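User: I would like to go through this model with you, one point at a time. Please give the criteria behind each term as we go.

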Amino acid sequence: MSYIAKPKVSHPNMARNKLGLTVRDYEGSVSTLCAGCGHDSITAAIIQAVYELGLEPHTLAKMSGIGCSSKTPAYFVSQSHGFNSVHGRMASVTTGANAANRQLNYIGVSGDGDSLSIGMGQFAHAIRRNVDMCYIIENNGVYGLTKGQYSASADIGSVAKKAAPNQLAPIDPVSTAISLGATYIARSFSGDKEQLVPLIQGALTHKGFALVDVISPCVTFNDNEGSTKSYAHTRKHFNRVMDADYIEPSEEIVVAYQEGEAMPVHLHDGSKIIFRKLNKDYDATSRAAAFSFLRDSINRGEIITGMLFLDEDGHDMHSDRNTVDAPLAQLAYEDLKPSESILAELMNRYR
Amino acid sequence: MKPTDTSKPDYFHKVVDCQWACPAHTDVPGYIRLITQGQFSDAYMLNRESNIFPGILGRVCDRPCEPACRRGRVEDEPVAICRLKRVAADHRDDITDRLPSRPETTNGKKVALIGAGCASLAVANDLLPLGYEITIFEALGTTGGLMRTNIPQFRLPPEVLDEEIGYVLDMGVDLKLNHPIDSMKDLADDGGFDAIFVGTGAPRGKELNLPGRYDSENVYIGIDWLESVAFEHTKSVGKNVLIIGVGNTAMDCCRTSLRLGAENVKVMARKPRGYFKASDWELDDAEEENVEIVVNHSPKEFVVDNGKLVAMTFDQMEYNIDKDGQIDRGKSTGVVTIPCDDVILAIGQDNAFPWIERGIGIEFNEWDCPIVDEKTMMSSREGVFFGGDSAFGPKNIIWAVAHGHEAAISIHKYCNSEDLGDRLPIGMNLSSQKMGIHEWSFSNNYDPAERRIMPHVELKERFKKLDIEVELGFTVEQTIQEVERCLNCDIQTVFTANLCIECDACIDVCPVNCLTMTENGEEKDLRQRLSAPADNLEQDLYVSENLPQTGRVMIKDEDLCVHCSLCAERCPTGAWDMQKSDILLPYANDESNELPHTAVGEK
């Protein structure tokens with residue numbers, strides 16, 4: 001952390017979004033993470049993404065559990081809602097929050113420990129229920145907050161600082177999410193905002209569960225030689241298979257895409273994601289093909305990044321359950337509670 | 001772009017906008033920090049090293065530093081640099097034992113300085129400690145030149161002048177007052193001097209030869225009139241006074257008139273606002289005293305009745321201004337008559353050298369100015385040097401001091417038969433200011449305080465006497481707030497590419513979007529694809545070597561950096577560091593002993 005907060009002074013000619021806000025208006029309090037932490041870069045990418053989307057801060061709900069990653073919601077969009085839950089329970093708390101109020105934009109920030117160990121069940125069931133949320137895993141392969149023990153995403157043979165090589169097989173959140181039926185799955189790297197920002201924008205706009213797994217090096221415990229989650233290793237081995245450009249509802253597509261390489265997908269709010277195929281063998285619309293490509297790339301030691309799977313069928317927990325549009329808090333008491341006669345009628349059915 | 005070569009002092013020197021803009025390259029952030037620490041005497045001495053007259057310049061400097069100040073680009077108002085200089089002067093202890101002194105023995109070389117103004121005094125200040133025998137010839141009965149004759153006492157008290165001029169003269173100068181030089185030929189050929197320096201200023205006020213100019217005794221040349229007020233030959237002026245011209249001399253004339261009994265003073269400007277020569281703050285000060293500035297009036301005729309000036313006529317002007325701000329010659333839309341008792345002409349000054357014979361090797365250009373080498377200050381006659389207004393026409397005090405320093409080096413080299421062009425280069429020291437994990441040796445946080453306003457003596461009070469200094473100087477509270485506005489531009493952001501792991505931390509934390517990591521390219525293209533477009537072409541881009549992981553480059557746009565150090569604080573590898581750049585300016589003293597020089601007070 002720093003002794004001083006980021007000064008309020010800003011560039012005199014800052015751009016403004018459709019709400020008239022600058023990117024500085026979406027900042028939070030000063031980060032207390034280690035200098036150089038990948039998580040801070042992801043925070044900056046989230047700020048950039050919501051600024052560009054022009055989200056009203058009060059329509060955002062920031063959800064998190066425990067860990068370095070889960071501290072970061074304090075560092076962006078100060079004037080939004082937030083809930084810092086117990087370890088691994090972010091997904092469950094978000095499921096509840098979303099059930100009660102579907103009109104907020106939910107952004108959950110979790111880590112590999114929070115999601116893939118103690119919170120694995122919650123993570124899996126949020127996908128299964130297709131909760132409409134953007135779920136970001138800040139994935140660094142270690143428990144940074146407790147001094148760098150390997151997490152469930154550490155690769156076999158990867159070496160953290162002053163540690164013996166990891167021997168347990170990793171859980172890959174992306175292949176897990178594909179097999180569990182998630183409808184928006186992306187992976188990126190904290191050091192590549194150009195790729196990351198549109199992926200977060202797509203995830204926030206997608207209806208249904210959207211996972212963005214972000215390799216986010218831990219500078220203090222896992223950025224050394226021998227680590228497979230370091231800046232240098234990630235840069236050397238990452239393979240962008242499918243980039244995504246987020247296009248706002250009002251925006252024209254101005255970039256010229258090559259025939260067969262670009263594929264626009266329309267999101268429910270009228271915005272578009274343009275897939276740009278960087279690897280001609282990759283098919284992000286087939287769950288089976290994506291899964292098999294991923295497994296092969298893991299065996300090759302590659303880190304596949306980009307928009308990895310998308311199914312924009314417009315379903316989510318609420319559409320599946322046929323629930324009301326209005327937040328429960330805004331429903332009248334009579335609407336929430338069945339009247340005595342209806343209750344009696346209901347009970348009669350089971351007699 | 002090629003990686004920036006920061007080994008040459010100019011790159012980092014230019015980042016310190018104020019110091020770069022100052023003709024004498026005063027270490028502004030250095031002395032402001034000393035004031036912050038309460039070390040007023042050290043701040044004064046650091047000032048004096050480059051500008052000789054901190055107390056004088058802290059009041060009346062033309063302040064080229066302030067329009068250059070980075071704070072003025074980040075916000076509206078620059079740091080009150082000039083006012084803080086005065087703070088250092090006002091609060092210093094007795095520093096006489098820290099002043100340079102003359103060695104017990106002379107070096108046998110005799111130098112004549114003509115004129116006892118700021119340029120000559122700067123030369124004397126630099127040469128006396130080297131053992132030179134200095135003779136100053138001054139036409140008037142007192143020292144200081146225009147600082148005494150043309151700057152009114154309510155802006156620059158005589159005590160301040162006497163004290164700081166005394167610091168130079170007390171080293172031991174043969175001062176010949178009331179001793180005008182009538183013949184340069186005689187002095188140069190038979191005076192017995194090894195070198196001669198001319199610092200006689202630009203003493204001739206411009207005339208306005210319009211009908212009626214010489215038909216009354218109520219039309220004066222501004223600088224001559226100010227001089228006669230300074231020497232108390234003129235003690236009053238009429239009730240209605242017109243000042244022609246709107247430069248800084250005009251401001252002094254109008255404010256002086258108010259103190260000599262004028263009730264209605266108008267400054268007549270030919271052009272509209274924005275095209276005035278006077279500094280903004282001098283205009284403000286005059287208008288605070290209810291001087292009326294009348295724009296778009298071009299003088300036409302003096303109206304004289306029975307040998308008495310009664311009015312002046314003016315063409316009412318109309319101008320076309322194009323989109324670049326270029327103004328045309330304008331056209332008259334009618335004639336107006338403005339009654340007046342006295343008119344003071346303040347429309348500029350010229351050099352005048354009636355006492356320098358032509359044909360003695362000193363060549364003059366078409367404007368009757370001597371041809372002087374801009375670097376060495378030597379004229380076309382070897383051994384004769386010029387400085388201040390007499391060299392290149394009217395500038396200001398701080399330029400004269402800068403000329404004096406350069407001339408002193410040249411005179412020293414000339415007297416030792418060395419090559420005048422072979423001068424010591426400007427040097428630079430860089431030293432890290434890191435004191436702990438997140439601690440720096442300086443106050444790095446950005447203070448959003450606005451510029452403090454100089455307190456003035458009450459309007460009623462100040463007109464009672466001619467010599468009541470209007471500006472009271474900053475209070476302690478004002479000083480404490482104003483010093484924190486300085487952005488410490490001399491604490492440089494220094495980048496080491498091979499340490500960078502490209503984590504983006506510096507870029508994310510920079511409050512003013514200075515930093516970008518991107519593919520290298522041509523400057524014009526790069527300037528448009530940074531975190532924020534770098535549209536201020538006067539400010540450099542700092543381009544790194546290729547970064548180790550991706551081969552991209554780190555680029556810093558120097559324009560708006562507030563030197564908050566957060567890039568260095570958030571850098572996990574120390575690739576960014578905050579390092580203080582000491583710009584080491586060579587003076588005659590350094591040429592003399594060739595030892596490395598050190599900054600006063602900071603070591």
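User: What covers the buried residues of helix 14 of chain B?

Analyst: This is a predicted model, in which local features need pLDDT of at least 70, side-chain atom pairs count only at pLDDT 80 or more, and totals for chains, interfaces and linings use all residues. Residues are numbered from 1 along each chain as its sequence is written, while chains are lettered from A and ligands numbered from 1 in the order in which they are written. Helices (H or I, at least four residues) and strands (E, at least two) are DSSP runs numbered from the N terminus, and a residue is buried if 20 or more other C-beta atoms, placed from the backbone, lie within 10 Å of its own, exposed if 12 or fewer, and partly exposed in between. The cover of helix 14 of chain B includes helix 13 (222-230), strand 7 (240-244), strand 8 (264-268), helix 15 (280-288) and strand 13 (342-345) of chain B.

User: Why is helix 14 of chain B described as largely enclosed by the rest of the structure, and how many of its residues are buried?

Analyst: The buried residues of helix 14 include the charged-type names B:D252, B:R255 and B:R259. Helix 14 of chain B is largely enclosed because the buried residues number twelve of the twelve.

User: What distance does helix 14 of chain B reach from its first C-alpha to its last?

Analyst: The expected span is 1.5 Å times one less than the number of residues, which for the twelve residues of helix 14 of chain B is given as 16 Å. Close to that value, the helix reaches 17 Å.

User: Which residues of helix 5 of chain A are buried, and within what arc do they fall?

Analyst: In helix 5 (residues 120-129) of chain A, the buried residues are A:Q122, A:F123, A:A126 and A:I127. Taking the directions from the helix axis to the C-beta atoms, these buried residues line one face of helix 5 of chain A, because they fall within an arc of 135°.

User: How many residues of domain 2 of chain B are in contact with domain 1 of chain B?

Analyst: By an automatic or database domain assignment, chain B is divided into domain 1 (99-203 + 351-415) and domain 2 (205-348). Two residues are in contact if their C-beta atoms, placed from the backbone, lie within 7 Å. Six residues of domain 1 of chain B meet a number of residues of domain 2 of chain B that comes to nine.

User: How many residues does chain A bring to the contact with chain B?

Analyst: Chain B gives 27 residues to this contact, and helix 20 (505-509) and helix 22 (566-570) of chain B each supply at least two of them. From chain A, the number is 24.
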